[in-house]
Amino acid sequence: MKKRTFLKTSSIMVGGIVLSRLVACKSAPKTHLKNWAENLEYSAENVYYPKNVEEVQEIVKKCDSLKALGSRHSFNTIADSSENQISLKDFNKVVSLDKKANTVTVEGGIQYGELAPYLEENGYALHNLASLPHISVVGACATATHGSGVKNGNLSTAVTAFEFVNAEGEVINLSKEKDGEKFNGAVVGLGALGVITKITLALQPSFKMKQVVYRNLPMSALEKNFETIMSSGYSVSLFTDWKNKNINEVWVKSKVEEDDATEIPAALFGAKLATQNLHPIEEISAENCTEQLGIPGVWYERMPHFKMGFTPSAGKELQSEYFVPIEHGYEAMMAIEKLHEKVSPHIFISEIRAIQADDLWMSPCYNQTCVAIHTTWKQEVDVVMGILPLFEEQLAPFNARPHWAKLFTMDATVLQGRIGKLNDFKALVKEYDPKGKFQNEFLKKNLS
């Protein structure tokens, strides 16, 4: 089983019905789309695949209820709909590269794995990437998906502007420069404001990176050195199976200057430098992992854990993730460690990362640098859903918040009490979707 690996989803042939200038792809009975891990079957009978903004507008106007569907990497029902879904997978081109403003504008369906090589060819890079490069840019930004780095904001912090179609079918443009707080409220929009058709990202000059892996870091070393260890590279990940109070692997990714001759330390607070490439789960082959051993490479070939040039197709899994303020990172880990006997038999691996504070209303890192405790579970749905309340109970003293697109059982009133700008966000949603066209059961349950 691979950490955050893909599954081959069923190839679904759907019947077409011509509606004006667009095609509505209607799923045959009992062949609904599934998410990539196949733990979730979407409910929508109709799935639309537009190729331009005008088709998106027509679809929005025709549907009374509609949800946008990204690359289907969510483990919960945030993108589900009982009626209609719209996928922009065929609307995935680079619109423009502004070398004066150092930004790129892309269509709503593009994935990071498609965008990154284009940026590198033009001498640019993004500040951060997630573990998997195969996720859609819009879906990742709308759910505050993140990479790692004490000084790196989540993926949505790169957004400088975006275009979306509201519930009336109108094209709306918001930008960081012109729309201030409204923009901050809308970026992590959870699909509640409309269908994002274009998005603009801030860029930086291309750079090279290297990564090394250290094995067997005692958890005790984190007690007094947690933030030091989490700051030991541009991006740092701790992997543990919660056995023996041990961090199995520490992945340290660092920027490389042209004349860099820095010697790689042989140890990190007691953890030993690996001498071969490793998978986050050591018994799995590392062939699909990005290059390690301190060998320099371009940014997009080091920041993700997994290579862009392959389509993994093994295993089934579930994922959960909780964010806590970084000052409570070690305590939160120790709180979860108390559950090791219940957790260890049912997981593949947990990953701990840090993410810089931001000013985006619905981001778990709003006004606070966070540590995220991510767990890749075996696909034992009933068992996992029974353990998650224990996770949440242990993390309650730290006001933990869940990842919007992963599994959680937190009571809605508790979750809402931890979102400082919730009422402002609700007002923003009402402005662009007064009748609830883009609402679904997930949003109604957790945010109403």
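**Notebook: cavities, a pocket and helix H6**

I began with the lining of the largest cavity, which by class has three nonpolar, seven polar and three charged residues. For these classes I count Ala, Val, Leu, Ile, Met, Phe, Trp, Tyr, Cys and Pro as nonpolar, Asp, Glu, Lys and Arg as charged, and the others, Gly among them, as polar.

I note that this is a predicted model, in which local features need pLDDT of at least 70 and side-chain atom pairs count only at pLDDT 80 or more, while totals for chains, interfaces and linings use all residues. Residues are numbered from 1 along each chain as its sequence is written, and side-chain values use heavy atoms, with hydrogens and water left out.

For empty space I used a 1 Å grid over the protein atoms alone: a cavity is a set of points where a 1.4 Å probe fits but cannot get out, a pocket is an open set with protein on both sides within 12 Å along at least five of seven lines, and lining residues have an atom within 4 Å of a point. By this rule I found three cavities of 30 Å³ or more, and the largest has a volume of about 60 Å³. Its lining has 13 residues, of which Leu 129, Gly 147, Ser 148, Ser 235 and Met 303 are the closest to the centre. Strands E14 (235-240) and E20 (347-355) are the elements that give two or more residues to this lining; strands (E, at least two residues) and helices (H or I, at least four) are DSSP runs, numbered from the N terminus.

I then looked up the second largest pocket, with a volume of about 290 Å³. Of its 18 lining residues, Asp 241, Lys 243, Ile 281, Glu 283 and Phe 348 are the closest to the centre. Strand E15 (246-256) and E20 each supply at least two residues of that lining, which divides into eight nonpolar, four polar and six charged residues.

Which residues make the contact between H6 and H8? Ala 332, Ala 335 and Ile 336 of H6 meet Phe 391, Gln 394 and Leu 395 of H8, where contact means heavy atoms within 4.5 Å. By class, this contact has five nonpolar, one polar and no charged residues.

On the H5 side, I found that Leu 222, Glu 223 and Phe 226 in H5 meet Gly 329, Tyr 330 and Met 333 in H6. By class, the contact of H5 with H6 has four nonpolar, one polar and one charged residues.

Note on methods. Points joined across faces, edges and corners; volume = space filled by probe spheres on them.
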